[in-house]
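Visitor: I am new to reading protein structures, and I would like to look closely at a single part. Could you pick one strand, show me its partners, and then walk me outwards from there?

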Amino acid sequence: MIHREVADGLERLWNVRVNCIWEADESSRHGEVYIFDHVFKQECTNSDVYGSVVKPLVDSFMEGFNATIFAYGQTSSGKTHTILGNKTDPGLFQLVSNQLFQHVADQVDKRYLIRCSYIEIYNEKINDLLDKSNQGLTIRRYQRRYQRKCAAMEAVVDNVDKVMENMMQGNKIRRVAATRMNERSSRSHTIFRIILESKDANQKDGPVHISYLNLMDLAGSERVSLTKAAGERLKEGANINKSLSVLGNVIRQLSEGKEFISYRDSKLTRLLSQALGGNAKSLIIGNVTLAAEEETRSTPEFAQSTKTVKNKTKVNILSATEETLQGYQNLTRDLETRLKKQAIKLKEMDKSKQEYLLEIERLKTEVSIVGRFQMGASASTPKKTLRRHTFGHYGNVSPKKASLGYMPLKNYPPKEESSGREMRPIQEETYEEALAEAESVIAEDVQVYLKDNSKNWKNLSMSLENSLN
Ligand SMILES: Nc1ncnc2c1ncn2[C@@H]1O[C@H](COP(=O)(O)OP(=O)(O)OP(=O)(O)O)[C@@H](O)[C@H]1O
């Protein structure tokens with residue numbers, strides 16, 4: 001029983017001993033004793049579960065058999081805790097990965113390639129948890145093996161940390177929500193798949209063994225009367241219950257030896273078809289709470305029906321040609337993944353380019369505003385003022401010339417420019433030179449002005465000539 005159940009003062013309604021579980025109330029009309037390979041008491045840890053039932057399955061996986069482990073049970077019964085665990089009680093993810101990479105390190109005469117993928121089935125839609133952009137995947141048969149898979153991203157992993165990194169990355173986007181029964185209730189079924197390819201290091205063209213290990217955390221069945229779900233949670237709950245009910249039907253059909261098995265009725269059963277009646281060794285972990293009657297009963301009943309399902313398992317060996325094909329497929333997949341990443345990068349670069357272009361445009365506008373301001377300032381200053389101040393003028397000047405910045409020589413140097421600096425007295429020859437230069441400057445001005453204002457050239461030349469006299 002978990003903290004919430006203890007805090008709510010719930011009673012223990014089930015008894016557990018060795019490999020049996022039965023209802024504490026003997027008078028219950030369901031007073032059946034359910035017997036399994038193992039029944040773990042509530043004091044047991046994930047490591048106890050792993051050591052007893054999971055490790056042998058992982059051993060088979062490493063020998064080349066497909067394997068599937070799924071956690072099944074009502075909402076809040078501890079499925080995610082079993083698969084993910086916590087710091088003090090590591091989950092199957094961590095324990096399986098430790099075993100796998102320890103095995104790989106020990107086998108010096110073998111070469112391995114290990115990949116992993118992580119998907120969720122949410123409201124009957126398959127989403128890639130390792131690649132956010134890869135959503136709504138379709139299920140396909142592959143390699144003439146009647147296996148089904150979807151084009152999820154496969155990440156190459158070569159140590160435990162990388163497996164955990166991928167798992168944590170996927171968990172960040174897995175659909176989880178708070179319900180009345182569980183603060184972090186899984187709203188989707190997840191499948192973490194490890195693909196192991198191995199071959200003899202000394203045989204160049206030797207056979208390749210390939211096997212799949214699926215670690216599944218199913219969403220929990222839930223009763224609306226207990227969860228009080230509404231809106232989106234209600235829709236999710238309905239989808240979860242529906243897919244679990246299809247799973248129950250498939251198990252029943254398999255256990256009754258029916259010819260037609262309704263795998264196609266849900267995405268979950270289609271993806272699980274290998275694990276249920278196909279080429280895989282499967283382990284079902286039924287999670288229950290001892291504090292509920294009816295909901296808890298449904299789990300041992302389901303688990304019991306799976307016991308009669310017979311799978312046909314064999315080691316998967318790829319021929320040399322298939323290995324090559326597999327290699328090409330891997331290469332294509334890697335390239336596709338890299339292409340996708342590049343496309344995302346390009347998009348980002350394009351975005352930054354757009355931002356740069358906008359910035360350039362903004363700076364250009366600023367420059368032109370400053371330019372206009374400077375032009376305006378120079379337009380308001382008589383163009384020749386400075387030049388003429390350098391040599392000054394003799395005698396009186398006409399009002400027009402004065403407006404252009406000319407001044408009588410007797411006023412030279414201008415008071416406002418004296419600023420404490422002593423000016424050189426103007427010599428007679430200097431004046432002659434200055435006058436000659438002034439005339440040439442004015443002639444230049446006239447030429448320029450005439451060019452620009454050809455219509456008014458006569459008036460202007462006259463006025464300039466007048467002002468010089
Ligand atoms: N064996 C355990 N030891 C300690 N805490 C546990 C154990 N099992 C479950 N819990 C706690 O109970 C709560 C519900 O567990 P968990 O989320 O694993 O349930 P679940 O079956 O995955 O639920 P859902 O189907 O709603 O996702 C969590 O807070 C979890 O930490």
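Guide: Happy to! Let's begin with one pair of residues: Thr190 stands opposite Asp217 in β14. Keep in mind throughout that this is a predicted model. The strand to watch is β14, residues 208–217.

Look at how β14 is covered. It is mostly covered, with 10 of its 10 residues buried. Here, a residue is called buried if 20 or more other C-beta atoms lie within 10 Å of its own. In a regular strand the side chains alternate between the two faces of the sheet. Now try sorting the residues of β14 by face. On one side you find Val208, Ile210, Tyr212, Asn214 and Met216, and on the other His209, Ser211, Leu213, Leu215 and Asp217. Both of these faces are covered.

Next, who are the partners of this strand? One of them is β13, which pairs with β14 in the antiparallel sense over 10 bridges. You have already met Thr190 opposite Asp217, and you can also find Ile191 opposite Met216 in β14. Another partner is strand β4, residues 67–73, which runs parallel to β14 and is joined to it by five bridges. To find a contact point there, look for Thr68, whose bridge partner in β14 is Asn214.

Let's step across to β13, which spans residues 189–200. This strand is mostly covered as well, since nine of its 12 residues are buried. Besides β14, strand β13 pairs with β5 (residues 110–122), in the antiparallel sense and over 12 bridges. Thr190 turns up again here, as the bridge partner of Glu120. So Thr190 is a handy landmark for your eye: on β14 it stands opposite Asp217, and its other link is to Glu120.

Now move along the chain to the ligand. Which residues come nearest to it? Of the 16 residues around the ligand, they are Gly78, Thr80, Ser185, Ser186 and Gly220. The shell divides into two nonpolar residues, 12 polar ones and two charged ones. Two elements, α3 (79–84) and β12 (185–186), each supply at least two of the shell residues, and α3 gives the most, with three.

For contrast with the strands, have a look at a helix. Helix α5, residues 160–173, has 14 residues and reaches 21 Å from its first C-alpha to its last, close to the 20 Å expected at 1.5 Å a residue. Within α5, Val163, Asn166, Met167 and Gly170 are buried. These four are on the same side of α5 because they cover an arc of only 95 degrees around the axis. An α-helix has 3.6 residues a turn, so residues three or four places apart point the same way. On the other side of α5, you can pick out Asp161, Met168 and Lys172, which are exposed.

One more stop is a small sheet. Three strands form an open sheet in the order β1-β2-β3, with antiparallel pairing. At its edges are β1 (14–17) and β3 (33–35), each of which pairs on one side only. On average, neighbouring strands of this sheet are turned by 20 degrees against each other, direction ignored. Between β1 and β2 (residues 20–23) there are four bridges, and Val16 stands opposite Ile21 in β2.

Terms used. Residues are numbered from 1 along each chain as its sequence is written. This is a predicted model: local features need pLDDT of at least 70, side-chain atom pairs count only at pLDDT 80 or more; totals for chains, interfaces and linings use all residues. A residue is near a molecule or strand if its C-beta atom, placed from the backbone, lies within 6 Å of it. Ala, Val, Leu, Ile, Met, Phe, Trp, Tyr, Cys and Pro count as nonpolar, Asp, Glu, Lys and Arg as charged, and the others, Gly among them, as polar. Two strands pair if DSSP finds at least two bridges between them. Axes are lines fitted to C-alpha atoms, for helices over the stretch in contact, and angles run from 0 to 180 degrees between N-to-C directions. The expected span of a helix is 1.5 Å times one less than its number of residues. The arc is that of the directions from the helix axis to the C-beta atoms.
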